[in-house]
Amino acid sequence: MNQSIVKSIHTFHTLLSVYLLCGWMIPSNGNHRFLTLFVPTVYVNWLIDDHRCTFTRLEQYFQGDKKKEENQEAGFIQDKLKHYNIDISEKKLNIILTFITYHTFLQSYYRSFY
């Protein structure tokens, strides 16, 4: 049961990450206005929660002892990158993610109001 929950959260988290990366390309004014509000909300949550997303916390919670045994404290994106043998320091990754979310915000804002 927990494994299916973890898989569902992980899938949703992946789709949400792709949406935050590429959502500004969807040609819909309502979508751009939503992203204009949603991106800062996600970013503030990420900053307040020590550079962790709520969905990362949920995945770790439902993985329980398995996550502790594997001693994985890396975030969601860092885990994804490691899966593809891409090793980026946490500090550099945080900078990259900040630029990506800011770019999505600017694109969405521009497409909403101009």
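Is His32 buried or exposed? His32 is buried, because its relative accessible area is 4%, and buried means under 20%. The legends below describe views of a predicted model.

**Figure 1. The whole chain is built from helices and has no strands.** The chain contains 6 helices and 0 strands. Followed along the sequence, its pattern reads α-α-α-α-α-α. Along the principal axes, the C-alpha atoms fill a box of roughly 50 × 30 × 25 Å. The chain has 114 residues, and buried residues make up 25% of them. The area that the chain exposes is about 8000 Å², and 63% of this area comes from carbon and sulfur atoms. Consider the contacts between residues at least 6 apart in sequence: 58% of these join residues at least 24 apart.

**Figure 2. Close-up of His32, a buried residue of helix 2.** His32 is found in helix 2, which runs over residues 29-48. A polar atom of the His32 side chain lies 2.9 Å from the backbone oxygen of Ile26. Leaving aside residues up to four places away in sequence, His32 touches Trp24, Ile26 and Pro27, and also Ser108, Arg111 and Ser112. Ile26 therefore appears twice in this view, as a residue that His32 touches and as the owner of a backbone oxygen within 3.5 Å of the His32 side chain.

**Figure 3. Close-up of Thr98, a partly exposed residue of helix 6.** Thr98 is found in helix 6, which covers residues 90-113. Thr98 counts as partly exposed because its relative accessibility is 27%, a value between the limits of 20% and 50%. The side chain of Thr98 has a polar atom 2.8 Å from the backbone oxygen of Asn94. Residues up to four places away in sequence are not counted in the next list: Thr98 touches Tyr43 and Trp46. Thr98 and Tyr43 are 55 residues apart along the chain, and their C-alpha atoms are separated by 8.0 Å.

**Figure 4. Close-up of Thr101, a buried residue of helix 6.** Thr101 is found in helix 6. Thr101 counts as buried because its relative accessibility is 18%, and the limit for buried is under 20%. The side chain of Thr101 reaches the backbone oxygen of Thr98 at 3.1 Å. With residues up to four places away in sequence left out, Thr101 touches Val39 and Tyr43. Tyr43 is also touched by Thr98.

**Figure 5. Close-up of the largest pocket.** The largest pocket has a volume of about 720 Å³. Its lining consists of 33 residues, and those nearest its centre are Ser17, Trp46, Phe76, Ile77 and Leu97. The elements that give two or more residues to this lining are helix 1 (2-22), helix 2 (29-48), helix 3 (54-63), helix 5 (76-83) and helix 6 (90-113). Which helix gives the most to the lining of the largest pocket? Helix 6 does, with 8 residues. Sorted by class, the lining has 17 nonpolar, 13 polar and 3 charged residues. Trp46, one of the residues nearest the centre of the pocket, is also touched by Thr98.

Methods. Residues numbered from 1 in each chain as written. Predicted model: local features only at pLDDT ≥ 70, side-chain atom pairs only at ≥ 80, totals over all residues. Heavy atoms only, no water. 1 Å grid on protein atoms, 1.4 Å probe; cavity = no way out; pocket = protein on both sides within 12 Å on 5 of 7 lines; lining within 4 Å. Points joined across faces, edges and corners; volume = space filled by probe spheres on them. Helix = DSSP H or I, 4+ residues; strand = E, 2+ residues; numbered from the N terminus. Nonpolar A, V, L, I, M, F, W, Y, C, P; charged D, E, K, R; others polar. Buried < 20%, exposed > 50% of the residue type's maximum accessible area, 1.4 Å probe, protein only. Polar contact = N/O pair within 3.5 Å; in protein donor to acceptor, adjacent residues only side chain to side chain. Contact = heavy atoms within 4.5 Å. Areas by Shrake-Rupley, 256 points an atom, 1.4 Å probe, with all protein chains shown as cover.
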